[in-house]
Amino acid sequence: MPNDFPLRKIIHVDMDAFYASVEQLDNPDLRGKPIAVGGSSKRGVVAAASYEARKYGVRSAMSSVLAQRNCPELIFVKPRFERYKEISHQIRNIFYEYTDLVEPLSLDEAYLDVTVNKKGNPSASLIAKEIRQKIYDTIGLNASAGISINKFIAKVASDVNKPNGQKTVNPEEISQFLEELDIRKFYGVGKVTAEKMYKLGIFTGKDLKQKTLEFLEGNFGKNGSYYYNVVRGIHTSEVKPHRIPKSVGAERTFNENLSSEIFMLERLDHIAEELEKRLKKANIAGKTVTLKIKYSDFTLNTRSKTLAYYISSKSLILETAKELLYQEKLQNSVRLLGISLANLNTEKKEKTTDKESISVQLKFEF
Amino acid sequence: MKFIVSSTYLLKQLQVLGGVINNSNTLPILDNFLFDLDNNKLTVSASDLETTMSSVLDVDSDNQGTIAVPARLLLETLKTFPEQPLTFVVEDNNTVEISSNHGKYALAYADGAEFPKAVELANPSSTTLVGDILATAIDKTIFAAGNDDLRPVMSGVFFQFSPENLTFVATDAHKLVKYQRTDVTASQVAEFIMPKKPLTLLKGILAGSESDVIIEYNDSNAKFSFENTELICRLIDGKYPNYEAVIPKENPNVLSIARNQFLSSVKRVAIFSNKTTHQIRLKIAGAELNISAEDIDYSNKAEERLTCSYQGDDMQIGFNSRFLTEMLNNLNSDDVSLEMSLPNRAGILTPIDGLDEGENVTMLVMPVMLNS
């Protein structure tokens, strides 16, 4: 496989049905039973489902009502994020025994760069095996792993022998592995992109590989070159131990769908307050405010505005969010509202050499 | 052509008119005063093409004639004379000879016909107001006008006349002043933008003046007539920004404070602010106003606390200290009020006392967003 980049050894560790497994771990009565973590109310959504439940077609992000219909024996368990965080922390500590280059993607997933590792073990596959064993021995949970030369392939590979398995994609196997891969399995290809790919006659990695860069850029914009590269096994993104968040947000799903902006303002007030709290905690500010509106038919609408200056206070977030809310008529009743702040001042420091304290003299909007 | 005139009387008039003349002119004739003699009336004019100002002087003569006399040379000469009669005689060799008690001085003159004619105002509307009111209106607003060549409309003062009131507005997009008189009105609604230069001249001449000023105007020019003087100028062409739209309507946070105390604190704290942004920070909570500034580059820092009266939510807002200083300096009241809504919305500064009946001042200043 032609590749100018130095070969790295990347492991992607993914916990199996993490939230559900933690619940089963803590409560022996739930073991071996179909359970779903999430609210059971008519508006609840499944956050995670145990493998027993998955057999019945229960999937995460599915509405609780539908999940119950698919699996009448399904047991709903309220999520306990504090507990998941605690276990996630323990798992992370195991990772750190091998390398400091750990990039957590979420509570239950992380990339590890073990090219150089603390154990001096040259085999990433053996390290992955050891880590999974250690997680099972000390915590009692199953994990799957993907091992390869970059984050993208490792991530895709971890899914291959899931649950409780691992897959190594050696450099010489990459080409074939990616060519045979279903386009839907490509990390970064979601439902919408997959459909678009289908329409363009792209069903597998092989199909994707046959397309030119121009073609992909023409159809997928900036992502085009990403697809072009990853299918060739090229993905140079490093394992970043301190992932800097790109955006901070808060959102709320309502018990009743809201149809009037007036009620939404009150909710936005709470959401903005929560967001302010999160920003304060991380001591960051951002320039781009995005208002997320999920309608009762689950269609999603986002509206954003970029200001000339960084904001972090509730009053200004709310002010901008309100403006975005009134910017366009609502098309339906609303089930969820969210506000997020991107273009954070943390990014700036990385990119530019400018001094971070830039104040902006505002002008009248003539 | 010959006339006799008092030296100090002539100097006084010429010094006022001299303000119109630019230091460097593309048209050399504009370096001159135009002397237009009609028996006992000598009309002296100066122009920069945009603005022409003329005054009628009483002289002793029974001649007519028009000549253009070098302004700088004449002014320099007149400044040196004690009060005495001077005789001006136009000689055949294109010189004008001035005879004083001390001697004779010959100046080369140009033909008066070369001097650009002031425009005649076609179908003007007119309004009359007391000189001092106009001077005050100019004084209150002109400092806020901008210098941006790209937005020429904002480099002037907006005159808005109506049967209810006269309004004068100036802004540079960062600060804005609206000065209104409800005790003076116009017969018709009219709007025009006056350039800064003629306004500065008028302000100087009319300060404290009790004489009436007749303002005539049409779409392109305005004429100000008072006593023996007329000033005609070209207006700034264009549409003035809709300034009313940027005045925040709801300002729940209101700070009241002694102007002098506020001003001196701002001035002092500003010394410690960043030299390019001049940014100061106001933190208001309860009855305490905290003014602070910081120049990170030099580790300079200042903080003052003032007692104020405040209604509203605790807030923090940044301003350019220069703007605040200019505005506070321009007011004469004992106390001022600063109304605010959000840290990214304009603050409204108004005097609480010291206004004349029918007088109204509103100042707006846009904040600096603090990157905390």
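A search of the whole structure finds one cavity of 30 Å³ or more, and this tour begins there. A cavity here is a set of points, on a 1 Å grid over the protein atoms alone, where a 1.4 Å probe fits but cannot get out. The structure is a predicted model, in which local features need pLDDT of at least 70 and side-chain atom pairs count only at pLDDT 80 or more, while totals for chains, interfaces and linings use all residues. Residues are numbered from 1 along each chain as its sequence is written, chains are lettered from A and ligands numbered from 1 in the order in which they are written, and side-chain values use heavy atoms, with hydrogens and water left out.

**First stop: the cavity in chain A**

Select Val13(A), Met15(A), Ser88(A), Ile91(A), Arg92(A), Phe95(A), Pro104(A), Ser106(A), Leu107(A), Asp108(A), Glu109(A) and Ala110(A), which line the largest cavity; a lining residue has an atom within 4 Å of a point. The space inside amounts to about 60 Å³, a volume being the space filled by probe spheres set on the points, with grid points joined across faces, edges and corners. Two or more lining residues come from each of strand 1 (10-15), helix 4 (81-96), strand 5 (102-106) and strand 6 (109-113) of chain A. Helices (H or I, at least four residues) and strands (E, at least two) are DSSP runs, numbered from the N terminus.

Which element gives the most to this lining? Helix 4 of chain A does, with four residues. By type, the lining divides into seven nonpolar, two polar and three charged residues. In this division Ala, Val, Leu, Ile, Met, Phe, Trp, Tyr, Cys and Pro count as nonpolar, Asp, Glu, Lys and Arg as charged, and the others, Gly among them, as polar.

**Second stop: salt bridges in chain A**

Keep Glu109(A) selected and add Lys155(A): the two form a salt bridge, with the closest N and O atoms 2.4 Å apart. The pair links distant parts of the chain, since Lys155(A) belongs to helix 6 and Glu109(A) to strand 6 of chain A, 46 residues apart. A salt bridge is a side-chain nitrogen of Lys or Arg within 4 Å of a carboxyl oxygen of Asp or Glu. Are Lys155(A) and Glu109(A) buried or exposed? Both are buried, where buried means under 20% relative accessible area, exposed over 50% and partly exposed in between (1.4 Å probe, protein chains only).

Next, select Asp26(A) and Arg83(A), whose side chains meet in a salt bridge (2.7 Å, N to O). Asp26(A) lies in helix 1 (residues 18-26) and Arg83(A) in helix 4 of chain A, so the pair ties together parts that are 57 residues apart in sequence. Asp26(A) counts as partly exposed at 31% relative accessibility, and Arg83(A) does so at 23%.

While still in chain A, select Pro163(A), in the loop between helix 6 (151-157) and strand 8 (166-168). The peptide bond leading to Pro163(A) from Lys162(A) is cis, with omega near -5 degrees.

**Third stop: the sheet of chain B**

Turn to chain B and display its open sheet of nine strands, which has the order 9-5-2-3-4-17-16-15-10 with antiparallel pairing. The edge strands, each pairing on one side only, are strand 9 (110-111) and strand 10 (125-130) of chain B. Two strands pair if DSSP finds at least two bridges between them. Strand 4 (residues 51-58) and strand 17 (residues 229-234) of chain B pair in the antiparallel sense over five bridges. Select Ser54(B) to find its bridge partner in strand 17, Glu230(B).

The loop between strand 2 (32-38) and strand 3 (41-47) of chain B holds Asn39(B). This residue, which is not a glycine, has a positive phi, near 55 degrees, and at 32% relative accessibility Asn39(B) is partly exposed.

**Last stop: helix 4 of chain B**

Select helix 4 (residues 196-206) of chain B; its buried residues are Pro198(B), Leu199(B), Leu201(B), Leu202(B) and Leu206(B). Seen down the axis of this helix, they fall within an arc of 160 degrees, so they line one face of the helix. The arc is that of the directions from the helix axis to the C-beta atoms. After helix 4 of chain B comes Gly208(B), whose phi is positive, near 80 degrees.

Methods: On a 1 Å grid over the protein atoms alone, a cavity is a set of points where a 1.4 Å probe fits but cannot get out, and a pocket is an open set with protein on both sides within 12 Å along at least five of seven lines; lining residues have an atom within 4 Å of a point.
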